[in-house]
Amino acid sequence: MNEITPLERRADGGPGPIRRTALHDTLVSHLRDMIIEGDLSPGTRLHEGQLGEQLGVSRTPLREAIKYLASEGLVELVPSRGAVVKRFSAKDVHDMLTVLRTLEELAGKLACDTATDAGIAEVRALHDEMVRRYKAGERLQYYKLNQQIHSAIVLLAENAPLADMHSMLQTRLKRIRFIGHEGPEKWSASVAEHDEMIVALEARDKARLSEVLCRHLTNAWERVRASV
């Protein structure tokens, strides 16, 4: 299977959209999860031959997936070393979390004004599923739902520049946010803060939601600072 399908042709003979294949998306998702869970730790060189053999894919689609992860900021393309899992300093992490906190505080305020009841109900459904994953001890699935909730609240704000900046930082902090749930005490504290978030959102209490998001992201730094 090729990593990129051929250009499709429109009825008028012009080129149609380029579509990424399921293989590309699956590879990107799998490698991203390996980075998030620490199977590929910061500073690890990504050897295309070894990874390709491990994952059962050829170098070409693997190379395209690695380039995509580099565009997300999870992988760094280093001259003479090739692709390396990005390593962020403690200051990098603190600075990104500071900006992310400010963005989410604003998003929470805007969402309380602009969100539809249906949009809030969708966030509630994500929250309830996240809690089920927490109770089942399914940490990676819990984490993904956790991040979906943060992104969903930002989208409810209906502010495209805000959403774009948030998405970029959210992606770069994936591994960091994941280790913030290590240990039962940290994990339960994060869940409790999410409980407060959903209650404030459903009440459209913008001051309360903004405060909880601020505290949640401040605590996120405290939960990870010893690990970066």
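## A tour of the predicted model

Begin with the whole protein chain in view, bearing in mind that this is a predicted model: for 228 residues a compact globule would have a radius of gyration near 17 Å, and the protein chain, with 19 Å, agrees with that expectation. Along the principal axes, the C-alpha trace spans about 50 × 50 × 35 Å.

Next, switch to a cartoon representation and follow the protein chain from its N terminus, where the pattern of elements reads α-α-α-β-β-α-α-α-α-α-α-α, giving 10 helices and two strands in total. Of the contacts between residues at least 6 apart in sequence, 67% join residues that are at least 24 apart.

Now turn on the surface of the protein chain, whose accessible area comes to about 11,700 Å², with 52% of it belonging to carbon and sulfur atoms. If you colour by charge, you will find 32 positive and 33 negative side chains, and the centres of these two sets lie 4 Å apart. Hide the surface again and consider the interior, since buried residues make up 42% of the 228 residues.

For the interior itself, select Val123, Met130, Ile153, Leu156, Met197, Leu201 and Leu209, which are the residues with the most contacts inside the largest nonpolar core, a set of 22 residues. The elements that give two or more residues to this core are α4 (90-114), α5 (117-135), α6 (139-156), α9 (184-203) and α10 (206-224). Centre the view on Leu201 and, leaving aside neighbours within four places in sequence, look for its contacts with Ala111, Ile120, Val123, Ile153, Leu156 and Leu209.

Move next to His216, which lies in helix α10. Is this histidine buried or exposed? His216 has a relative accessibility of 1%, and because the cut-off for burial is under 20%, His216 counts as buried. Showing the side chains around His216 brings up His150, Arg177, Ser190, Glu193, His194, Met197 and Arg223, all of which His216 touches when residues up to four places away in sequence are not counted. One of these, Met197, was already selected among the core residues with the most contacts.

Finish at Glu72, in helix α3, which covers residues 59-72. Glu72 has a relative accessible area of 14% and is therefore buried, under the 20% limit that was applied to His216. Which residues does Glu72 contact, once neighbours within four places in sequence are left aside? Select Arg32, Thr171 and Arg172 to display these contacts of Glu72.

Conventions
Residues numbered from 1 in each chain as written. Predicted model: local features only at pLDDT ≥ 70, side-chain atom pairs only at ≥ 80, totals over all residues. Heavy atoms only, no water. Helix = DSSP H or I, 4+ residues; strand = E, 2+ residues; numbered from the N terminus. Rg over C-alpha atoms; globule rule 2.2 N^0.38 Å. Buried < 20%, exposed > 50% of the residue type's maximum accessible area, 1.4 Å probe, protein only. Contact = heavy atoms within 4.5 Å. Areas by Shrake-Rupley, 256 points an atom, 1.4 Å probe, with all protein chains shown as cover. Lys, Arg positive; Asp, Glu negative; His and termini not counted. Charge placed at Lys NZ, Arg CZ, Asp CG, Glu CD. Core = buried A, V, L, I, M, F, W, Y, C linked by side-chain atoms within 4.5 Å.
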